[in-house]
Amino acid sequence: MRLQGRAALITGASRGIGRAIARRFAAEGCNVALNYVSEAGRDNAAEAEALAAEVRGLGRKALCLEADVTDFAAVQAMVAAAVEALGGLHILVNNAGITRDRTLRKLSPEDWQAVLDVNLTGAFNCAKAVLEPMLEQGYGRIISLASVVGLMGNFGQANYAASKAGLTGFSKSLAREVARKGVTVNCIAPGFIDTEMTRAIPQDVIPQILAQIPMGAMGTVEDVANAALFLASEEAGYITGQVLSVNGGMYM
Ligand code: NAP
C-alpha cells in the first residue's frame, strides 16, 4: 500500500496508459479522480464509470470528472471538485494526449495547434490548478507523460515531439519553483507502448519500430504504470525535475 490515503487526479483516464495508472494507484491504496472527455463515437463516460466501479470495489473512493484539459475554466472546476470529493489532492498525472501525425510539408496550422493545446497547454492548465492546494498542504507529486519522441524526434511527428519536449522543459522549470515546498515534478518518457495510440500505426511500420528497440518488443501499459507509481510514492521523495524513460532501451 504505497499510496495509502493519497488522492490522485489522472487525466485521460478512461483508457490506455491513464486507465492502467489509475488501476495501479488504486491497488496501492489511492483514491482517484478519473478525468475523461466526451468524444463523438465513444462512450468515455461509461468507460470511466466502469473503471470507477472497479476502483470502488477495491475499497477506494473514485469519481469521474468530465473536462477537456484545454479548457482552463473547466480544469479549475474539475480540480475543485476533486479536492472537495477526495478531501485534498496529492498527485496529478498529466496523461491526456493526442497525435496528429503528418510530415511538416503536410502539417496544417490546426494539426500543429491541436496537439500543442492538449499535450502542453493541457498540462499547464492542470498543473496550475493543482498547485495552490499542493503548496498549501506542503506536499505534491506532478507527473507528466512525455515521450521518447520528445527526446529523439520522429518522422512525421514535429507537432507531437515539440509538445513532449515542451512538457519536459515545463516540468523542469516548475520543479525548480516548488522544490522547497514538498512538491516534486517529473516526467515519464515512454517508448512504444501497446495502446490505441500505437495501434493506429500502419502494420508495415511495426517491424521497423521493433528493430529500434533493444528489448525487441513494445512496452505494456503496466510498465508505464509501475514507473508512475514509483514517482508518486514516498520512495521518490528526493527525485524531481527528472525524465524517467520506459522504453526497452530504445533511447539511452
Ligand atoms: P490513448 O489510448 O490515445 O489515450 C489518450 C487519452 O487522453 C484518452 O483517454 C483521451 O480521451 C484523452 N484525451 C485526449 N484529449 C483530451 C482532452 N482534450 N482532455 C482530456 N482528455 C483527453 O493514449 P495512450 O497511449 O494511453 O497515451 C497516454 C499518454 O502517454 C499520452 O500523453 C501519450 O502521448 C503518452 N505516450 C504514449 C505512448 C504510447 O506508445 N502509447 C508513448 C509515449 C507517450 P478520449 O478517449 O476522449 O480520446
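Q: Let's start inside helix α4: is Met-134 buried or exposed?
A: Keep in mind that this is a predicted model. For burial, you look at the relative accessible area, and under 20% counts as buried. Met-134 has a relative accessible area of 0%, so Met-134 is buried. You'll find this residue in helix α4.

Q: And which residues is Met-134 in contact with, leaving aside its neighbours within four places in sequence?
A: A contact list tells you what surrounds a side chain once the sequence neighbours are set aside. For Met-134 that list holds Leu-89, His-90, Ile-91 and Leu-92, then Tyr-139, Gly-140, Arg-141 and Ile-142, and also Val-183. If you'd like a distance along with that, the C-alpha atoms of Met-134 and Cys-187 are separated by 18 Å, with the two positions 53 residues apart along the chain.

Q: Speaking of cysteines, how many disulfides are there?
A: The general idea is that a disulfide is a covalent bond between the sulfur atoms of two cysteines. To call one here, the two sulfurs have to be within 2.5 Å. By that rule the count is zero disulfides. Take Cys-30, which is in no disulfide: its nearest cysteine sulfur belongs to Cys-64 and is 15 Å away. Cys-126 is in no disulfide either, as the nearest cysteine sulfur, that of Cys-187, is 14 Å away.

Q: Are those two cysteines, Cys-30 and Cys-126, buried or exposed?
A: Use the accessibility reading again. Cys-30 sits at 0% relative accessibility, so Cys-30 counts as buried. Cys-126 has a relative accessible area of 1%, so Cys-126 is buried too.

Q: Now for helix packing. At what angle do α3 and α4 pack, and how far apart are their axes?
A: For a helix pair you want an angle, an axis distance and a handedness. Helix α3 covers residues 72–86 and helix α4 covers residues 109–137; they pack at about 40°, with axes 9 Å apart. The two helices are therefore oblique to each other. As for handedness, α3 passes α4 in a right-handed crossing.

Q: Which residues make that contact between α3 and α4?
A: On the α3 side you have Phe-72, Val-75, Gln-76, Met-78, Val-79 and Val-83. On the α4 side there are Phe-124, Asn-125, Cys-126, Lys-128, Ala-129, Val-130 and Pro-133. Sorted by type, the contact has 10 nonpolar residues, two polar and one charged.

Q: What about α4 and α6: at what angle do they pack?
A: Helix α6 takes in residues 158–178, and it packs with α4 at about 15°, the axes being 8 Å apart. An angle under 35 degrees counts as roughly parallel, so α4 is roughly parallel to α6. The crossing is right-handed. Among the α4 residues in the contact are Trp-112, Leu-116, Phe-124 and Leu-135, and they meet an α6 set including Tyr-160, Leu-167, Phe-170 and Val-178. The contact's residues divide into 16 nonpolar, four polar and two charged.

Q: How close do the axes of α1 and α9 come?
A: They come within 8 Å and cross at roughly 50°. That makes α1 oblique to α9. Handedness for this pair is right-handed. From α1, Gly-16, Ile-17, Ala-20, Ile-21, Arg-24 and Phe-25 take part, meeting α9 residues that include Val-221, Val-224, Asn-226 and Leu-229. By type, that contact splits into 10 nonpolar, two polar and one charged.

Q: Let's leave the helices. Where is Ser-14 found?
A: For a loop residue, first ask which elements flank it. Ser-14 is in the loop between β1 (7–10) and α1 (16–27). Ser-14 is buried, with a relative accessible area of 5%. Not counting residues up to four places away in sequence, Ser-14 touches Arg-19, Asn-35, Tyr-36, Asn-44, Glu-47 and Ala-48.

Q: In which strand does Thr-184 lie?
A: Strand β6, residues 183–190, holds Thr-184. With 6% relative accessibility, Thr-184 counts as buried. Its contacts beyond four places in sequence are Gly-140, Arg-141, Ile-142, Gly-237, Ile-239 and Thr-240.

Q: Last one: how does Met-218 count at 22% relative accessibility?
A: Met-218 counts as partly exposed. Its place is the loop between α8 (206–211) and α9 (221–232). Leaving aside neighbours within four places in sequence, Met-218 is in contact with Phe-192, Ile-193, Asp-194, Thr-198, Ile-206 and Leu-210.

Notes
Residues numbered from 1 in each chain as written. Predicted model: local features only at pLDDT ≥ 70, side-chain atom pairs only at ≥ 80, totals over all residues. Heavy atoms only, no water. Buried < 20%, exposed > 50% of the residue type's maximum accessible area, 1.4 Å probe, protein only. Axes fitted to C-alpha atoms, helices over the stretch in contact; angles between N-to-C directions. Helix = DSSP H or I, 4+ residues; strand = E, 2+ residues; numbered from the N terminus. Parallel < 35°, antiparallel > 145°, perpendicular 65-115°, else oblique. Left-handed = near helix turned anticlockwise from the far one by under 90°. Contact = heavy atoms within 4.5 Å. Nonpolar A, V, L, I, M, F, W, Y, C, P; charged D, E, K, R; others polar.
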